[in-house]
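Colleague: I am new to this one. Please walk me through it, and justify the terms as you go.

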Amino acid sequence: MLGEAQLSDKENIAIDVRDAVKRYGDFTALKTISLSIMDNEFFTLLGPSGCGKTTLLRMIAGFEAVTEGAIYLYGDEIENLPPNKRPVNTVFQNYALFPHMTILDNVAFGLEMRGKSKSEARKKSGEMLELVQLSQFSARKPSQLSGGQQQRVALARALAPQPKVLLLDEPLSALDLKLRKAMQLELKHLQRETGITFIFVTHDQEEALTMSDRIAVMSAGELQQLGAPTDIYERPHNMFVADFIGETNLLEVSVDGIDNGRATCHLGGGHELTCNAVDGVGVGSKVHMSIRPERLYMSAEPVETEGLHGRVKDNIFVGTDITTIVHLDEGPDFVVRTSNSDRGNKRIFEPGAEMFVNMELGAARLLVD
Amino acid sequence: MAAGAASGGSATTDTYKEARTWLLLPAWVTLSILVLAPVLMMLIYSFLTKEFRGGVIWEFSLAAYDQFFFDRGLFGDEPPKIEWTYITIFWRSIWQAAAATLLSLAIGFPTAYFIATRSENMRPVWVFLITIPYWVNLLIRTVSMKFLLRDQGPLNDFLMNIGLIDSPLHIVNTNFAVQLGLFYSYLPFMVLPIYAAVERYNFALSEAAADLYASKWTTLRRILLPAVKPGVFAGCILVFVPSMGSFLAPDLLGGAKNFMIGSLIEEQFKGNAGNWPFGAAASMVLLTMVLIILMFSARQQAKADKAGG
């Protein structure tokens, strides 16, 4: 039975990082990270700069040695393989296209190195360029292309040798917003089409949420939370994740009682809230709570038992939404977001108006620290 | 008013032009005195008649060039044949310089690469170390080279002591000794331009090549070398050109058999045996050869660049 499980793991787990540590002298860039990236998955390493996400990617690519622990590629340890022997390819942050070669030769390079004949490599590269819609530029030099086009060449070049895993190191960070959005969709589409496992590194949480099957949130060399985008967004594990992903109301609360999986929390100013209890947060603990602004709504009378009474301070129009800043009686400030498309159902109050802030049970989330 | 404004505008432009002319003047004067005048003088001297024991007689003559290229017998009355003596010396200079250049490249490139890949604050230290031997006069360095290489010198002693050879290698007075001397004289001129090029090189390109299954050797040949080619080219020229006209290394390390064009020219101007027009003519031939080689390689370079893209 164990043997069978291992066999299926070998096929299902593209990259298995086991207790990997990376130290540069005294500085620890990665503190004992373990994670499994599944076959055919769009996996994102998300975190602020310096969190170790790029280091981990470079360890998988083979550019950095693993100080402790091991990395497995479809069940095989790859620590002793140099980068040119690993069946993984990288899309570099600044593309790293070979400036003296044409676009076609750039894309054909990896195929040639893998022993394909020049004509075969060129034919295959032509197809790859078609896939990224750059066929007409194949005779040009990289410097003659725009940033977005260079980006797609880098992508075609890395995909051409059909790697088992594609590593993407903040590939969209140099593009402007509109192009970035278009490329996000294109990347996701390409991943589905090719069936290759993508490991994507980014500091942009929106990008990560848009594209990923699963996200590993990292900070200060540690894994903070691993899960699907909805998990990470709706059920952040700790302060860092709640704060880093999306916009949220972070409130200091004390847990007064836990009963039947529900925790009663005190917000200060006499306000009370009930939310789902979380492992690691016991009665009497003072912790933070995260409530997404779009999960809140306002009403003239309390809708649920614990409507929080307060006064509107200001309304800010931000295109798709209206952001309302609410001051609870003797309590903290709240940000409430109402979608413009929802204005039929949900009420907007003028500044100064008294009202109640309401939410569903699952909206408030207790954080471990 | 409008006219006044217009003339004011043109006056500024004129002042600017004038200022530029005056500011460039020192450069032009320096160039004329240090480059154009000597070459022109050399050109004129090469067409004058020689005075015995040095100096020239101001009388037009093609004798110097005639002597360089043609053999008319001992008394100058036979039909002209090609004179191979000087052409041979010339040819030897070219390939000695080429060998020294290749040697410098073989040693200089890895050295430059090594320096360029050190940490940013160590690089200037290494560059500084490279230049230290060059604080000593070239003559002294070449003479010490001779002492190092001679039959009873430290190099042979060392090789015999570790048992690598039984009898001393005769290095001094060979072509190889001259190449070594030239290599040693001009190595920094190879290292520094290549260092500058490698330092500017984007090492992410090497990573990308390795990522795309290229071996270290292939990465060097197909990615790094094309990127730093201008530096390599500059280094080769900076070693080749002075090597070709050099006379210290061939004189001291090569002996009488391994005469190079620099020594030939030097002999025409030094001491009593001098023949100034002949020396000037040989210099002009050297200058022309160097120019042709430079133009040829520059064209090859341009062609390669165009073919690459």
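Modeller: In chain B, 65% of the contacts with a separation of 6 or more join residues 24 or more positions apart. A contact means two C-beta atoms, placed from the backbone, within 7 Å. This is a predicted model: local features need pLDDT of at least 70, side-chain atom pairs count only at pLDDT 80 or more, and totals for chains, interfaces and linings use all residues. Residues are numbered from 1 along each chain as its sequence is written, while chains are lettered from A and ligands numbered from 1 in the order in which they are written.

Colleague: What makes chain B more spread out than a compact globule?

Modeller: First, its elements: twelve helices and four strands, that is, DSSP runs of H or I (at least four residues) or E (at least two), numbered from the N terminus. The radius of gyration, taken over C-alpha atoms, is 26 Å for chain B. The globule rule (2.2 Å times the number of residues to the power 0.38) gives 19 Å for 309 residues. The value is well over that, so chain B counts as more spread out. Its C-alpha trace spans about 80 × 70 × 40 Å along the principal axes. Of its 309 residues, 28% count as buried.

Colleague: Why is B:Leu252 called partly exposed?

Modeller: Buried needs 20 or more other C-beta atoms within 10 Å, exposed 12 or fewer, and partly exposed falls in between. B:Leu252 has 18, so it is partly exposed. It sits in helix α10 (residues 248-254) of chain B. Beyond four places in sequence, B:Leu252 is in contact with B:Thr142, B:Val143 and B:Lys146. B:Asn161 lies 91 residues away in sequence and 27 Å away in space, C-alpha to C-alpha.

Colleague: Which elements of chain B touch chain A?

Modeller: The contact takes 17 residues from chain B and 18 residues from chain A. On the chain B side, α8 (204-211) and α9 (216-245) each give two or more residues. The largest share there, six residues, is from α8(B).

Colleague: How do you know where the largest nonpolar core lies relative to the two domains of chain A?

Modeller: Such a core joins buried Ala, Val, Leu, Ile, Met, Phe, Trp, Tyr and Cys residues through C-beta atoms within 7 Å. This one holds 153 residues, and A:Ile60, A:Val217 and B:Ile194 are among those touching the most other members. Helix α7 (residues 175-200) of chain B gives the largest share, 16 residues. Domain 1 (2-239) and domain 2 (247-366) of chain A both contribute, so the core lies between them. Those bounds come from an automatic or database domain assignment. The C-alpha centres of the two domains are 39 Å apart.

Colleague: What makes β6 and β10 of chain A edge strands?

Modeller: Strands pair if DSSP finds at least two bridges between them. The open, mixed sheet of chain A has six strands in the order β6-β7-β8-β3-β9-β10. β6 (88-91) and β10 (222-227) each have a single partner, so one side of each lacks a neighbour in the sheet.

Colleague: How do you know that β9 and β10 of chain A pair?

Modeller: Five bridges join β9(A) (residues 214-219) to β10(A), and the two run antiparallel. That meets the cut-off of at least two. A:Val217 has A:Gln225 as its bridge partner in β10(A). A:Val217 also touches A:Leu46 and A:Phe244, among others.
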